[in-house]
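Work through these exercises with the model open beside you. Try each task before you read its solution.

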Amino acid sequence: MPLPGEFHELAKRVNNWGRWGADDEIGTLNLITDTVVRAAAATVTSGRRVPLAVPLQQDGVQTGLIPGRVNPLHTMVAINVEMFGPGTIATSDDTVTMGLQAGTHWDGLAHISHSGKLYNGRPADSITAHGRAAFSGVEKAGHIVSRGVLLDVARARGVDRLDEGHAVTPEDLETAEGLAGVTVRPGDIVLVRTGQIQRYLTGEKQAYAYPSPGLSIRTPEWFHARDVAAVANDTLTFEVFPPEIEDLWLPVHALDLVEMGMPQGQNWDLEGLSEACVEEQRYAFLLAAMPEPFVGGTGTPVSPIAIF
């Protein structure tokens with residue numbers, strides 16, 4: 001089924017292809033300049049650190065909906081082995097098999113394609129089984145450190161958790177911006193709290209996955225206008241699920257990743273951050289969210305830290 005005209009019109013309005021040159025592979029991360037990072041570092045006053053990742057465990061957030069995206073399978077391969085003979089120092093080792101987007105993660109720009117294209121007009125068939133992502137592999141993202149801004153949509157709407165199927169709109173984002181008393185600016189990383197992660201944290205794994213609140217198809221234009229560097233939230237699907245437009249699956253992914261070249265993150269635990277922002281009386285902080293440099297990867301686990 002072809003993508004509807006409404007999608008293509010939105011795509012034209014947020015398209016960043018060629019903005020940073022024909023060879024660009026990192027998209028909106030170009031907006032995180034040295035000046036932006038210096039300003040972000042200046043937000044650190046108390047030194048308080050808030051972790052934002054869910055634990056990596058076999059009973060993780062994945063439900064089996066996406067084939068091959070397995071929760072971490074953690075195996076011990078050596079337990080107190082005296083490698084150099086009896087009485088010598090012993091070592092233990094372990095290994096993990098997991099989907100790169102199984103837990104708290106960044107989606108890389110090669111994660112999504114549409115109409116045969118990836119970000120910056122690269123051909124979708126440049127992703128191969130052995131070569132992986134030839135362009136915009138997640139290792140190209142490098143450093144992701146900038147000012148983070150929490151847009152606590154749930155708190156701004158006076159609820160602990162948004163209703164299932166609530167599509168977060170630009171108006172919601174602006175209401176949360178007002179609550180925060182901060183203006184999102186170029187190079188920021190925006191974190192959008194829906195409260196949905198509570199379902200996973202309390203053991204409601206299937207309810208966490210579906211149905212879910214998430215970002216509306218209207219939000220990419222808002223992020224594009226603000227020159228946001230990256231966006232993450234506390235849901236499995238990132239965008240509202242089921243979708244707003246019948247049979248148009250993952251349109252926000254396509255607009256963010258393919259058209260805008262903007263990384264997006266999912267399964268971020270923003271509950272502690274929400275409380276910290278209230279206690280610190282501010283919603284902006286230094287955010288360190290470094291991707292693991294998997295060469296040719298279409299995504300990466302991340303263990304983000306918000307620093308006040």
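**Exercise 1. A salt bridge and its surroundings**

Is arginine 147 buried or exposed? Then find its salt-bridge partner and place both residues in the chain.

Solution. Keep in mind that this is a predicted model.
- Step 1: The relative accessible area of arginine 147 is 6%. Buried means under 20%, so arginine 147 is buried.
- Step 2: Its side chain forms a salt bridge with that of aspartate 188, at 2.7 Å from N to O.
- Step 3: Arginine 147 sits in strand β7 (residues 145-152), while aspartate 188 sits in the loop between α4 (170-180) and β9 (189-193). The two are 41 residues apart, so the pair links distant parts of the chain.
- Step 4: Check the partner too. Aspartate 188 has a relative accessible area of 1%, so aspartate 188 is buried.

**Exercise 2. Two salt bridges of helix α4**

Which residues pair with glutamate 171 and glutamate 177?

Solution.
- Step 1: Glutamate 171 pairs with arginine 218, with 2.8 Å between the closest N and O atoms.
- Step 2: Glutamate 171 belongs to helix α4, and arginine 218 to the loop between β10 (214-215) and α7 (219-226). The pair therefore ties together parts 47 residues apart in sequence.
- Step 3: Glutamate 171 is partly exposed, at 44% relative accessible area. Arginine 218 is also partly exposed, at 38%.
- Step 4: Glutamate 177 pairs with arginine 226, the closest N and O atoms being 2.5 Å apart.
- Step 5: Here helix α4 supplies glutamate 177 and helix α7 supplies arginine 226, so parts 49 residues apart in sequence are tied together.
- Step 6: Glutamate 177 is buried, with a relative accessible area of 10%.

**Exercise 3. How α4 packs on α7**

Describe how the axes of α4 and α7 are arranged, then list the residues that meet.

Solution.
- Step 1: Two packed helices are described by the angle between their axes and the distance between the axes.
- Step 2: The axes of α4 and α7 come within 8 Å and cross at roughly 50 degrees. So α4 is oblique to α7.
- Step 3: From α4, the contact takes in Pro170, Leu173, Glu174 and Glu177; from α7, Thr219, Trp222, Phe223 and Arg226.
- Step 4: Sort them by class: four nonpolar, one polar and three charged.

**Exercise 4. How α7 packs on α8**

At what angle do α7 and α8 pack, and which residues meet?

Solution.
- Step 1: Helix α8 covers residues 251-260. It packs with α7 at about 30 degrees, the axes being 9 Å apart.
- Step 2: Angles under 35 degrees count as roughly parallel, so α7 is roughly parallel to α8.
- Step 3: Thr219, Pro220, Phe223 and His224 of α7 meet Val252, Leu255, Asp256 and Met260 of α8.
- Step 4: This contact has five nonpolar, two polar and one charged residues.

**Exercise 5. The whole chain**

What is the radius of gyration of the chain, and what would a compact globule have?

Solution.
- Step 1: Count the elements: nine helices and 15 strands.
- Step 2: For 308 residues, a compact globule would have a radius of gyration near 19 Å. The chain has 20 Å, which agrees.
- Step 3: Buried residues make up 52% of the 308 residues.
- Step 4: Take the contacts with a separation of 6 or more. Residues 24 or more positions apart account for 77% of these.
- Step 5: Count the salt bridges: 20.

Key. Residues numbered from 1 in each chain as written. Predicted model: local features only at pLDDT ≥ 70, side-chain atom pairs only at ≥ 80, totals over all residues. Heavy atoms only, no water. Salt bridge = Lys/Arg side-chain N within 4 Å of Asp/Glu carboxyl O. Helix = DSSP H or I, 4+ residues; strand = E, 2+ residues; numbered from the N terminus. Buried < 20%, exposed > 50% of the residue type's maximum accessible area, 1.4 Å probe, protein only. Axes fitted to C-alpha atoms, helices over the stretch in contact; angles between N-to-C directions. Parallel < 35°, antiparallel > 145°, perpendicular 65-115°, else oblique. Contact = heavy atoms within 4.5 Å. Nonpolar A, V, L, I, M, F, W, Y, C, P; charged D, E, K, R; others polar. Rg over C-alpha atoms; globule rule 2.2 N^0.38 Å.
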